[in-house]
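Open the model in a viewer and keep the selection tool at hand. The tour below goes from one selection to the next and says what is there.

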Amino acid sequence: MTAVLEAAGLTKRFGSVTAVDDVTFCIDEPGVHGLLGRNGAGKSTLMNLLTGQDFATAGKVRVRGESPLENARAIGEVALIKESQVYPKAYKGKHVLKAASWVFPHWDHAFAARLVDDFAAPLDRRMEKLSRGQRSAIGAVVALASRAEVTLLDEPYAGLDAVARQVFYDHLLEDFAEHPRTVLMSTHLIDEAADLFERVLVIDHGRMVIDASADDLRGTALRVVGRAEDVDAVIGSRTVLHREALGGTAAVTVDGADPALRAAATAAGLELAPVSLQQLIVRRTGAFAPEEVAS
Ligand SMILES: Nc1ncnc2c1ncn2[C@@H]1O[C@H](COP(=O)(O)OP(=O)(O)OP(=O)(O)O)[C@@H](O)[C@H]1O
């Protein structure tokens with residue numbers, strides 16, 4: 001089966017900055033996936049490479065088995081929605097939607113009209129005059145109504161308020177259920193979007209540091225809370241991702257959530273709590289020191 005998105009040894013350097021560093025991954029099933037990482041980690045650069053908007057310094061990228069740089073036929077099957085999108089000067093929202101309806105063969109006009117209402121997207125004003133949230137609203141309409149087989153969303157709703165973001169999540173899940181496709185979305189609002197993700201790719205200093213199913217990932221860490229001495233005895237030599245201490249009490253996030261740890265913690269009367277995807281990624285990427293990358 002041909003992979004939908006594939007990168008092998010993908011590298012992009014801008015002078016002395018390695019924005020994407022030897023990244024390899026393969027997505028071969030429809031699903032909504034997260035591309036996460038800190039500011040400057042390389043997410044936008046990776047998305048630009050995946051959509052042929054930039055050239056790789058080294059490595060290979062394939063979208064539905066073909067190079068995005070050479071495959072003009074695939075243009076309507078791959079959508080990249082990004083906050084930094086530049087529009088022709090005279091373009092209004094209605095022009096953006098009209099152009100999108102020409103480019104994307106699966107464009108759904110009725111769905112687009114419903115989305116315009118739900119996001120209160122202004123269609124008759126120039127794009128350059130719109131607020132950040134209004135521009136995001138137009139982007140959200142294109143992201144959803146295009147129904148492109150491969151949809152890359154680079155912080156698509158950065159300007160949207162909480163209500164509009166929830167509208168976006170609801171529409172994405174509902175429409176995805178009826179029209180399965182591959183969606184790769186970058187966001188900094190990890191906890192908010194976490195339930196959407198089947199798989200999570202985390203990039204740090206250009207390197208892919210996590211590529212796992214969201215469920216598996218959540219099960220890889222545990223927070224153990226209680227008397228500091230008891231907590232330390234139970235966690236033993238396991239890797240500590242984070243530690244908070246107050247008086248004699250400690251709350252320790254441990255890398256590893258094996259049954260032995262759970263049993264020992266329960267027997268010691270310690271409190272066990274799951275670690276959210278956001279906490280886990282913050283702990284893992286926070287602990288990823290630049291020296292480790294260089295070595
Ligand atoms: N055109 C460019 N010229 C020089 N450096 C660049 C260019 N584009 C990106 N970079 C650098 O590459 C690195 C990765 O940037 P990128 O925009 O991909 O990060 P990001 O993960 O999308 O960040 P953010 O979450 O802040 O949007 C950064 O150090 C950035 O400064």
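Two strands count as paired if DSSP finds at least two bridges between them. With that in mind, note that the model is predicted, then begin with the larger features.

**Stop 1: the six-stranded sheet**

Select β5, β6, β7, β3, β8 and β9, which in that order form an open sheet with mixed pairing. At the edges stand β5 (78–82) and β9 (207–213); each has a single partner strand, so one side of each is left without a neighbour in the sheet. From one strand to the next, the twist averages 15°.

Now reduce the selection to β3 (residues 31–36) and β8 (residues 199–204). These two strands run parallel and are joined by four bridges. Pick histidine 33 and look across to β8: the bridge partner there is arginine 199.

Add the helix α1 to the view. α1 packs on this sheet and touches β3, β5, β6 (150–154), β7 (182–186) and β8. The direction of α1 makes about 155° with that of β6. Helix α4 (residues 132–145) also packs on the sheet, touching β5 and β6, and its direction makes about 165° with that of β5.

**Stop 2: the hairpin at the sheet's edge**

Keep β8 and add β9. The pairing here is antiparallel, over six bridges. Isoleucine 203 stands opposite methionine 208 in β9. The two strands form a hairpin with two residues between them, and histidine 205 takes a positive phi near 50°.

**Stop 3: the three-stranded sheet**

Clear the selection and choose β2, β1 and β4. In that order they form an open sheet with antiparallel pairing. β2 and β4 (58–63) stand at its edges, each with a single partner strand, so one side of each is left without a neighbour in the sheet. Direction ignored, neighbouring strands of this sheet are turned by 20° against each other on average.

Within this sheet, β1 (residues 5–14) and β2 run antiparallel and are joined by seven bridges. Arginine 13 has threonine 18 in β2 as its bridge partner. Bring α1 back into view: α1 lies across β1, β2 and β4, running at about 60° to β2.

**Stop 4: around the ligand**

Which residues are around the ligand? Select Phe14, Val17, Ala19, Gly37, Asn39, Gly40, Ala41, Gly42, Lys43, Ser44 and Thr45. Two elements give two or more residues to this shell, β2 (17–27) and α1 (43–50). The most comes from α1, with three residues. Coloured by class, the shell shows four nonpolar, six polar and one charged residue.

**Stop 5: the helices around α4**

Two packed helices are described by the angle between their axes and the distance between the axes. Hide the strands and keep α4, then add its partners in turn.

Start with helix α2 (residues 93–103). α2 and α4 pack at an angle of about 15°, with their axes 10 Å apart, which makes α2 roughly parallel to α4. Their crossing is right-handed. To see the contact, select Gly93, Val96, Leu97 and Ala100 in α2 together with Ile138, Val141 and Val142 in α4. This contact has six nonpolar, one polar and no charged residues.

Next, show helix α3 (residues 109–118). α3 and α4 pack at an angle of about 150°, and their axes are 9 Å apart. The two helices are therefore roughly antiparallel to each other, and their crossing is right-handed. Phe111, Ala112, Leu115 and Val116 in α3 meet Ala140, Val141, Leu144 and Ala145 in α4. By class, the contact of α3 with α4 has eight nonpolar, no polar and no charged residues.

Then add helix α5 (residues 162–178). The angle between α4 and α5 is about 5°, with their axes 11 Å apart, which makes α4 roughly parallel to α5. From α4, the contact uses Gly133, Ala137, Ala140 and Leu144; from α5, Ala164, Phe168, His171, Leu172 and Asp175. The classes here are six nonpolar, two polar and one charged.

**Stop 6: a second hairpin**

Finally, select β11 (residues 240–246) and β12 (residues 249–255). They pair in the antiparallel sense over six bridges. Leucine 246 has threonine 249 in β12 as its bridge partner. β11 and β12 form a hairpin with two residues between them, and in the turn glycine 247 has a positive phi of about 60°.

Note on methods. Residues numbered from 1 in each chain as written. Predicted model: local features only at pLDDT ≥ 70, side-chain atom pairs only at ≥ 80, totals over all residues. Near = placed C-beta within 6 Å. Nonpolar A, V, L, I, M, F, W, Y, C, P; charged D, E, K, R; others polar. Axes fitted to C-alpha atoms, helices over the stretch in contact; angles between N-to-C directions. Contact = placed C-beta atoms within 7 Å. Parallel < 35°, antiparallel > 145°, perpendicular 65-115°, else oblique. Left-handed = near helix turned anticlockwise from the far one by under 90°.
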